[in-house]
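Trainee: I'm new to this one. Can we walk through it together, starting with the ligand?

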Amino acid sequence: MSFGWTLQNKKALITGGTKGIGKATVAAFLQLGASVVFTARHAEEVTAAEAQWSSQYPELQVKGIVADVSLESNRLHVYDWIATHWQQLDVLVNNAGINIRKKTPEYTRQEYEQILAINMLAPFEWARLLYPLLKRSGKAAIVNVASVAGSNIDIGTGSPYAMSKAALIQQTRSLAVEWAKEGIRVNVVSPWYTNTPLAAPVLQNEARIAHILSRTPMGRIAQPEEIAAIIAFLAMDKSSYITGQNIIADGGLSISGL
Ligand SMILES: NC(=O)c1ccc[n+]([C@@H]2O[C@H](COP(=O)([O-])OP(=O)(O)OC[C@H]3O[C@@H](n4cnc5c(N)ncnc54)[C@H](OP(=O)(O)O)[C@@H]3O)[C@@H](O)[C@H]2O)c1
């Protein structure tokens, strides 16, 4: 018996669905019975992922679309597919994100604008664009993926990434209040270091990972599936009274006093 812990009959868009947390989220959503559109920039990875998921879940609709979240024309292409095939959207997961790690004076304008465009402006633009389709769902959920880097502390990611994630957390609260009566819940997940390609440069640095683990009460980093599980819960009707919340998944880092 599922007790309603399901995403059956939900139609979801997951950005950045070919690697890391996004890939784990696509897997979790399909396992829970959702139909999924996912996006990423590398065409061959999108095609391969779509073929793999479609053969594993022949009863569900799985569609991969090559789209850069920071390009309006690409977002409109995804919107057109959803509007044509589904006419509504139940779940938007703004997962796609990037980082370029540098000291603040070393960033070019192009570099920090790219970080802000992908991590902060794209989730805002997706939400605005998809608003009519989310509203039509009647029970919609937006789940944003921010970071511990955006919540009160500096973790050495570089300032543009931290700025983008702090803004995304506040964007979540504003939209949650604005759209509460429209039947659209908006929440955000803030992971600590998670075992994905994005974090690989940090995780492969022995001194850095030793320091990270020494500061993490659980003594380990997260696996992408542990973050995907939170995203899935926030997407489900089971979390129907939760909106505007920032769920911090950090192995105890933020509540550790030492
Ligand atoms: N891993 C961590 O330690 C960690 C910690 C806190 C927060 N996060 C956040 O979690 C989210 C996922 O991170 P991750 O670690 O899973 O990253 P990842 O391993 O680098 O995967 C990112 C995914 O997003 C796609 N993507 C990147 N830029 C895109 C763009 N402009 N348009 C469309 N798709 C794009 C990538 O595919 P393409 O390259 O083909 O586009 C890939 O599928 C990000 O928002 C990140 O900031 C991660």
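Trainee: Which residues come nearest to the ligand?

Mentor: Keep in mind that this is a predicted model. The ligand has 30 residues around it. Of these, the ones that come nearest are T18, R41, H42, Y161 and T196.

Trainee: How far is the side chain of T196 from an oxygen atom of the ligand?

Mentor: Let's go through the contacts with ligand oxygen atoms. Y161 puts a polar side-chain atom 2.6 Å from one, while T194 uses a backbone N or O atom, at 2.8 Å. For T196, an N or O atom in the side chain does the job, and the distance is 2.4 Å.

Trainee: How much of the ligand's accessible area does the protein cover?

Mentor: On its own, the ligand has 890 Å² of accessible area. It takes up the space of the largest pocket. The protein's cover comes to 96%.

Trainee: Which helices each supply at least two residues of the shell?

Mentor: The shell itself is a mix of 16 nonpolar, 10 polar and 4 charged residues. The helices you're after span 20-31 and 159-178. They are α1 and α5.

Trainee: Where in the protein chain is confidence lowest?

Mentor: Across the chain, the mean pLDDT is 97, with 99% of residues at 70 or more. Confidence peaks in strand β4 (residues 91-94), at 99. The lowest, at a mean of 90, is in residues 200-203, helix α6.

Definitions and conventions: Residues numbered from 1 in each chain as written. Predicted model: local features only at pLDDT ≥ 70, side-chain atom pairs only at ≥ 80, totals over all residues. Heavy atoms only, no water. Near = heavy atom within 4 Å. Polar contact = N/O pair within 3.5 Å; in protein donor to acceptor, adjacent residues only side chain to side chain. Areas by Shrake-Rupley, 256 points an atom, 1.4 Å probe, with all protein chains shown as cover. 1 Å grid on protein atoms, 1.4 Å probe; cavity = no way out; pocket = protein on both sides within 12 Å on 5 of 7 lines; lining within 4 Å. Sits in = over half its atoms within 2 Å of the grid points. Helix = DSSP H or I, 4+ residues; strand = E, 2+ residues; numbered from the N terminus. Nonpolar A, V, L, I, M, F, W, Y, C, P; charged D, E, K, R; others polar. pLDDT = per-residue confidence, 0-100.
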